[in-house]
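Here is a note for someone opening this entry for the first time. The points below can be read with the model on screen.

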Number of protein chains: 2
Amino acid sequence: MSDVRRPNFENNITADDVAEAAGVSRWTVNRAFKKDASISPKTRTKVMEAASKLGYVPDLRAAALASDRSNLVALLVDDFANPHKLVMMERLTRILRKHGWDTLLVNTLDRDDAGHAILNASQRRVDAAILIGIQFDDEVLETALHARRFHKLIIFARTSRHPDTISIAVDDAAAMQEIAAYVAEQGYRRPLFLAGPRTYSAHLLRKETFLGCWERRFGTVPEFAEVPAYDPILAEQVVTRILTDRPRDEMPDILVCENDALAIGAIDVIRHKLGLRIPEDIAVTGFDDVPQCQSPNYALTTYRQPLTEMAEYLVEVLESSEDRDFDRAFKGKLVPRASA
Amino acid sequence: MSDVRRPNFENNITADDVAEAAGVSRWTVNRAFKKDASISPKTRTKVMEAASKLGYVPDLRAAALASDRSNLVALLVDDFANPHKLVMMERLTRILRKHGWDTLLVNTLDRDDAGHAILNASQRRVDAAILIGIQFDDEVLETALHARRFHKLIIFARTSRHPDTISIAVDDAAAMQEIAAYVAEQGYRRPLFLAGPRTYSAHLLRKETFLGCWERRFGTVPEFAEVPAYDPILAEQVVTRILTDRPRDEMPDILVCENDALAIGAIDVIRHKLGLRIPEDIAVTGFDDVPQCQSPNYALTTYRQPLTEMAEYLVEVLESSEDRDFDRAFKGKLVPRASA
DNA sequence: TCCCGTTTTGCACGCGCGTGCAAAAAATTC
DNA sequence: GAATTTTTTGCACGCGCGTGCAAAACGGGA
C-alpha cells in the first residue's frame with residue numbers, strides 16, 4: 001500500500017517530490033532555493049516551476065537542524081507599557097525580515113516565568129537573543145547568560161558593560177549633554193530629573209550625565225526622582241506625589257525625563273492634576289521621540305535614536321562570524337518642540 | 001580520532017550524552033523531559049540530574065521536525081501605530097507562553113513584503129497563524145490561505161466570516177449597541193462616527209451597527225468619516241479636515257470612534273487645534289480601553305474586550321484537534337469615563 | 001573530434017528527536 | 001514461588017535538509 005508512507009500531517013510535499021517531478025536529484029532542488037548556489041539557470045527555473053506547481057516550500061526547521069543556523073532571533077521584552085517598544089518592535093522585525101531573519105517574541109514581563117521563557121527560546125536554538133530596553137534586565141541577563149545557549153546576546157538601545165554582551169545603543173552621555181546644554185540655553189534653572197528604574201548590568205547613563213553636566217555648569221546638583229518602570233501611569237503617580245502642594249517658588253521650571261514614557265505621564269499630571277501650563281509654568285523634555293510626541297497635545301522636545309541605522313548594524317553583527325568587540329554607540333538627534 | 005564527531009557548533013550536548021551519563025537509553029532521557037510520559041520517578045530524577053549537570057536542554061527544532069508539531073504560532077501584525085497592539089501582544093505572548101506556546105512576530109506592515117513574511121512563517125511550519133487587527137487583511141488573508149500551510153488561521157479581536165478562518169473576537173454588534181444606547185441616554189443628539197479602514201474579509205461591525213441603531217432610534221443616519229489606518233496621527237488629520245471652520249450649529253456633539261487609537265487623535269485635535277472642551281463642546285468615545293484611556297488627559301469612555309479570556313480560548317482552539325467551528329464572540333464591558 | 005578546464009549535479013552521512021511496538025523489569029495475585 | 005498483569009525501558013525507522021566531495025556534463029580551442 002502506497003498510502004502507508006504518509007505519517008505526517010496532510011501529505012507534505014518535500015524536496016524529493018519536487019525532484020521527481022523535475023527529473024533532478026533532491027539536492028538540486030534545494031540548491032535551486034538557495035541564493036548563489038552553483039546551479040544552472042535552466043535547471044533552476046525547471047525546478048522552481050515544478051516546486052510552485054506542487055506548492056513546495058523548503059522546511060526551515062530541517063534546514064536549521066542540519067546546518068545549526070536558524071536565522072531566528074529571540075526578542076526579549078518586558079516593558080510593554082512603554083510606547084517606544086512598539087516602535088522598536090516594528091523597526092526591528094521589519095529590518096530583520098528584510099535580511100532573512102525571523103523574530104521570536106519573548107515576553108519576560110512575568111519575572112517568575114522569565115527564566116522559562118528564555119529557556120524555551122534557547123530550546124529553539126535561536127542564533128541570538130536581543131534584549132530591548134529590559135526593565136528587570138539584571139536577572140534576565142544572568143539567566144540568559146547562564147543558559148549559555150545564545151551564540152550572541154545583544155542589548156539593544158541600552159548600554160551594557162557586561163563583557164559577554166553586545167551593546168548597540170545611542171550614545172547616552174553625548175545625548176544627555178546635548179539636552180542639558182539645550183535646557184540651560186533656554187534659560188531653565190531649576191530642573192528636576194525624572195529617572196526610570198535602576199538596573200545594574202545594563203544602563204541608561206542619562207541621569208548621571210545630566211546631573212553631572214548641570215553641576216559642572218552651575219555648581220548645584222539638580223533634584224531627581226525615580227519611577228519604578230517606564231510606564232506613564234507610574235510616572236503620573238510619582239510626579240503627583242512629589243509636586244502636589246509644593247510651594248510655587250520651590251517648583252522646578254523643567255522636568256527632564258529619562259524617556260518619553262515618563263515625560264508623557266508627567267505632562268498629563270502637570271496639566272490636568274496640577275493645573276499648570278506647559279511650557280510656561282513647567283517645561284518637559286523626553287527621550288526616544290515616540291509617535292505621540294508629535295501630537296499637539298504633547299509637542300514634546302525629545303531626542304531621536306537612529307533606530308533604522310542601529311537595526312541595520314544589528315543585522316551586520318548577527319551575520320558576522322568574527323569574534324571582535326561589537327559594542328557600538330550611535331549619535332542621535334535632538335528634536336525641539338513646544339514643550340521646552 | 002574521536003574529535004571528528006563534532007561537526008556542530010561548540011560541542012552540543014545531546015540526549016545521547018545524557019543517556020550515557022545516566023546509564024539509560026536516549027529514549028528514556030527524552031521521556032524524562034516529557035510531561036506524563038511513562039517513566040518511573042526514580043529514573044526521571046536520575047536523568048534530570050545528569051541533564052542539569054551537563055547542561056542539556058531538549059532541542060525543539062528536532063522535536064518539531066520529528067513530530068510535525070512545533071508549538072509555535074505566527075503573530076501577524078501590520079498596525080504598529082495602534083497602541084492597543086502593544087497590549088494585545090503582551091497578553092497573547094504571556095498566555096501562550098504559559099501554555100507552552102512560542103510566538104513568531106511577523107511584521108506585515110510592508111505590503112510588498114507581507115507575502116514573503118507569511119511565506120517565511122510557513123516555512124517554519126508554525127502550527128497556526130494569528131492575525132491581530134490587521135489593517136490590510138484582505139490581501140494578507142488571501143496570501144496566507146493560499147499558502148495552505150497553516151493548520152489554523154485565526155483572526156483575533158476582529159470578526160471574519162471567511163469559512164477557512166477562525167474568528168475570536170468581541171461581539172462588536174452587541175458592544176456598539178451598548179455604546180449607542182449610552183450615547184443616546186447621555187443626551188447626545190448629533191453624533192459623528194469616526195471609522196477606521198474598510199476591509200472586506202474581516203470586519204469590525206461597529207460602524208454599521210452604530211448607524212443602524214441610531215437610525216432605528218431617531219430616524220436619522222448620523223454623519224461619519226473614515227480614517228485610512230488606526231493611527232492617531234491620521235485621525236488628527238481627518239478630524240481636522242472635517243471639523244475646522246465648521247459653523248458652531250453644525251458641529252457634532254459627540255465623536256463615536258471605532259477604537260481608542262482614533263479617539264485619542266480626535267481628542268488631541270478637538271482640544272488643541274479646534275480649541276474646544278471635552279466633553280462640554282464635543283464628547284468622545286473609543287473602543288479597546290488602552291492604558292492611555294486612564295490618563296486624566298483623555299479619561300476616555302470606551303469599551304474593554306476580555307482579552308485574557310479571549311487568549312485563553314485561543315489556546316484551547318490551538319490545542320484542540322477537533323474540526324468544528326471555533327468562531328466565538330465574547331462580551332466586553334463599557335467603561336464610562338469623563339470624555340462622554 | 002579530442003582534450004582539458006570549468007561548471008553543474010549526485011550522493012553518503014549526519015543533525016536530534018518522536019512514534020509505535022516489543023522486550024524487560026517490576027508489581028500483583030493466588 | 002510461579003503465573004499473570006502492569007509498568008518501564010529499548011529500539012528501528014523516519015522527519016527534511018546541509019555539507020563536502022566526487023562524478024558527470026559542458027564548453028572552447030586545436
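1. Start with a term. A residue counts as nonpolar if it is Ala, Val, Leu, Ile, Met, Phe, Trp, Tyr, Cys or Pro, and as charged if it is Asp, Glu, Lys or Arg; the others, Gly among them, count as polar. With that in hand, look at the surface near DNA strand D: 13 of its residues are nonpolar, 10 are polar and four are charged. Keep in mind that this is a predicted model.

2. Which residues come nearest to DNA strand D? They are A:Tyr56, B:Ser25, B:Thr28, B:Arg31 and B:Thr43, out of 27 residues around the strand. Sugar or phosphate accounts for 57% of the strand D atoms within 4 Å of the protein. The rest of those atoms belong to bases.

3. Both chains take part in this surface. In chain A, helix H2 (26-32) and H4 each supply at least two residues, and helix H2 (26-32) and H4 of chain B do so too. The largest share comes from H4(A), with four residues.

4. Now the polar contacts with the strand. Two go to phosphate oxygens. For B:Ser25, an N or O atom of the side chain is 2.7 Å from a phosphate oxygen of DNA strand D. For A:Lys34, the corresponding distance is 3.1 Å. B:Trp27 contacts a base instead: a polar atom of its side chain lies 2.8 Å from a base nitrogen of DNA strand D.

5. Next, the interface between the protein chains. How many residues of chain B are in contact with chain A? The number is 58, and they touch 58 residues of chain A. The size of an interface is often given as the accessible area lost when the parts come together. Here the area buried between chain B and chain A is about 5400 Å². Carbon and sulfur atoms give 57% of that area. On the chain B side, B:Arg61, B:Leu86 and B:Arg124 supply 15% of what the chain buries against chain A, more than any other three residues.

6. Turn to the cavities. The structure holds seven of 30 Å³ or more. The largest has a volume of about 130 Å³. Its lining draws on both chains: Leu60, Arg61, Ala64, Ser70, Leu72 and Arg124 of chain A, and Leu60, Arg61, Ala64, Ser70, Leu72 and Arg124 of chain B. Helix H4 (60-67) of chain A and helix H4 (60-67) of chain B are the elements that give two or more residues to this lining. By type, the lining has six nonpolar, two polar and four charged residues. B:Arg61 and B:Arg124 are among the lining residues, and both also belong to the trio in point 5.

7. Check the backbone at two prolines. The peptide bond from A:Ile278 to A:Pro279 is cis, with omega near 5°. A:Pro279 sits in the loop between helix H11 (260-272) and strand E11 (283-285) of chain A. In chain B, a cis bond joins B:Ile278 and B:Pro279, with omega about 5°. The loop that holds B:Pro279 runs between helix H11 (260-272) and strand E11 (283-285) of chain B.

8. One last backbone point. B:Asn71 is not a glycine, yet its phi is positive, at about 50°. Where is B:Asn71 found? It lies in the loop between H4 and strand E1 (72-77) of chain B.

Notes
Residues are numbered from 1 along each chain as its sequence is written. Chains are lettered from A and ligands numbered from 1 in the order in which they are written. This is a predicted model: local features need pLDDT of at least 70, side-chain atom pairs count only at pLDDT 80 or more; totals for chains, interfaces and linings use all residues. Side-chain values use heavy atoms; hydrogens and water are left out. On a 1 Å grid over the protein atoms alone, a cavity is a set of points where a 1.4 Å probe fits but cannot get out, and a pocket is an open set with protein on both sides within 12 Å along at least five of seven lines; lining residues have an atom within 4 Å of a point. Grid points are joined across faces, edges and corners, and a volume is the space filled by probe spheres set on the points. A residue is near a molecule or strand if one of its heavy atoms lies within 4 Å of it. A polar contact is a pair of N or O atoms within 3.5 Å; within protein, one must be able to donate a hydrogen and the other to accept it, and residues adjacent in sequence count only if both atoms are side-chain atoms. Contact means heavy atoms within 4.5 Å. Buried area is the accessible area (1.4 Å probe) that two parts lose on being put together, summed over both.
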